[in-house]
Amino acid sequence: MSGEDAAGMPGPAPDERPQPEGRRNLEGHRIDPVVEAEHDSRRAVISALVEDEPGVLARVSGLVSRRQFNIESLTVGPTTVEGHSRITMVVEETDPGIDQIEKQMAKLKPVISVGEVSGSAVTSELVLLKVHGEEPDKVHAVAEMYDGQTLDAGPETITVQLTGDESKIDDAIDAFDQFGIIEIARTGQTALARGNIPTAPGEKPGTAGEPTTPNTD
């Protein structure tokens with residue numbers, strides 16, 4: 001039976017029509033499998049200057065999560081300009097995915113400037129680590145080895161603060177594991193570009209009382 005006889009309309013039957021390939025994201029958009037396969041994922045640090053508005057962080061994180069981008073960490077904090085904040089995201093994505101994150105974030109009204117931090121960024125994070133306190137001398141020795149600071153010490157637990165890049169933090173956590181880690185809290189990485197390179201593309205760093213705006217020179 002032809003498609004015309006079966007449906008009363010010209011053309012092939014539904015099961016004879018070409019079927020599109022590729023998975024769909026949560027919004028129903030189909031992802032080209034060829035394009036997706038041509039790019040390997042890599043880690044990128046994205047920095048965005050934003051105006052302090054209610055819900056701006058929720059809007060940014062919601063936008064990224066809706067599109068199924070892989071976020072490893074997200075931090076936010078004030079800048080030198082009152083009313084402005086810097087959002088730092090570490091993502092594991094393909095180059096097209098990173099480009100889409102930047103383009104979609106740039107469309108949000110509170111975003112002043114956004115882009116991948118170029119070159120070898122200066123990165124750091126803060127970690128609070130609580131371990132069993134049966135061996136305080138050894139715990140303090142390991143803390144000193146990684147430039148840590150003891151914030152709380154008792155007969156049962158010891159809490160240590162660590163700062164540094166991801167490699168240093170991971171090594172420190174491995175070293176503290178011998179004491180039995182009870183709890184851990186990590187802020188996630190924050191970053192600035194090295195030297196006089198703007199952290200966000202086009203960013204013209206401001207000082208107190210001056211606006212931070214994209215550099216249009």
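The following questions and answers go through strand pairing, a salt bridge and a charged surface patch in this predicted model.

User: In which order do the 4 strands of the open sheet lie, and which are the edge strands?

Analyst: The 4 strands of this open sheet pair in the antiparallel sense, and the twist averages 15° from one strand to the next. The edge strands each pair on one side only, and they are β2 (71-78) and β4 (111-116). Read across the sheet, the order is β2-β3-β1-β4.

User: Which residue in β3 is the bridge partner of Thr75?

Analyst: The pairing to consider is that of β2 with strand β3 (residues 84-93), which is antiparallel and extends over 7 bridges. Within β3, the bridge partner of Thr75 is Thr88.

User: How many bridges join β5 to strand β7, and which residue in β7 stands opposite Leu128?

Analyst: Strand β5 (residues 122-132) runs antiparallel to strand β7 (residues 157-164), and the two are joined by 8 bridges. At Leu128, the residue that stands opposite in β7 is Gln161.

User: Over how many bridges do β5 and β8 pair, and which residue in β8 stands opposite Leu129?

Analyst: The pairing of β5 and β8 is antiparallel and extends over 5 bridges. Leu129 has its opposite residue in β8, and that residue is Ile184.

User: Which residue in β9 stands opposite Thr123?

Analyst: Strand β5 also pairs with strand β9 (residues 190-192), to which it runs antiparallel and is joined by 3 bridges. Opposite Thr123 in β9 stands Ala191.

User: How many residues lie between β6 and β7 in their hairpin?

Analyst: Strand β6 (residues 149-153) and β7 pair in the antiparallel sense over 4 bridges. One of the residues involved is Gln149, whose bridge partner in β7 is Gln161, the residue that also stands opposite Leu128. The two strands β6 and β7 form a hairpin, and the number of residues between them is 3.

User: What is the N to O distance in the salt bridge of Asp99 and Lys103, and in which helix do both residues lie?

Analyst: A search of the whole structure finds 10 salt bridges, and the side chains of Asp99 and Lys103 meet in a salt bridge with an N to O distance of 3.1 Å. The two residues are 4 residues apart, about one turn of the helix, and both lie in helix α4 (residues 95-106).

User: Which residues gather in the patch of negative charge on the surface, and where is the place of Asp177?

Analyst: The patch of negative charge on the surface is a gathering of Asp165, Asp171, Asp174 and Asp177. As for Asp177, its place is in the loop between α6 (166-176) and β8 (181-186).

Methods
Residues are numbered from 1 along each chain as its sequence is written. This is a predicted model: local features need pLDDT of at least 70, side-chain atom pairs count only at pLDDT 80 or more; totals for chains, interfaces and linings use all residues. Side-chain values use heavy atoms; hydrogens and water are left out. Patches are made of residues with over 30% relative accessible area and no salt bridge: like charges are joined within 9 Å, nonpolar side chains (Val, Leu, Ile, Met, Phe, Trp, Tyr) within 5 Å. Accessible areas come from the Shrake-Rupley method with a 1.4 Å probe; for residues, only the protein chains shown count as cover. A salt bridge is a side-chain nitrogen of Lys or Arg within 4 Å of a carboxyl oxygen of Asp or Glu. Lys and Arg count as positive and Asp and Glu as negative; His and the chain ends are not counted. The place of a charge is taken as NZ of Lys, CZ of Arg, CG of Asp or CD of Glu. Two strands pair if DSSP finds at least two bridges between them. Axes are lines fitted to C-alpha atoms, for helices over the stretch in contact, and angles run from 0 to 180 degrees between N-to-C directions.
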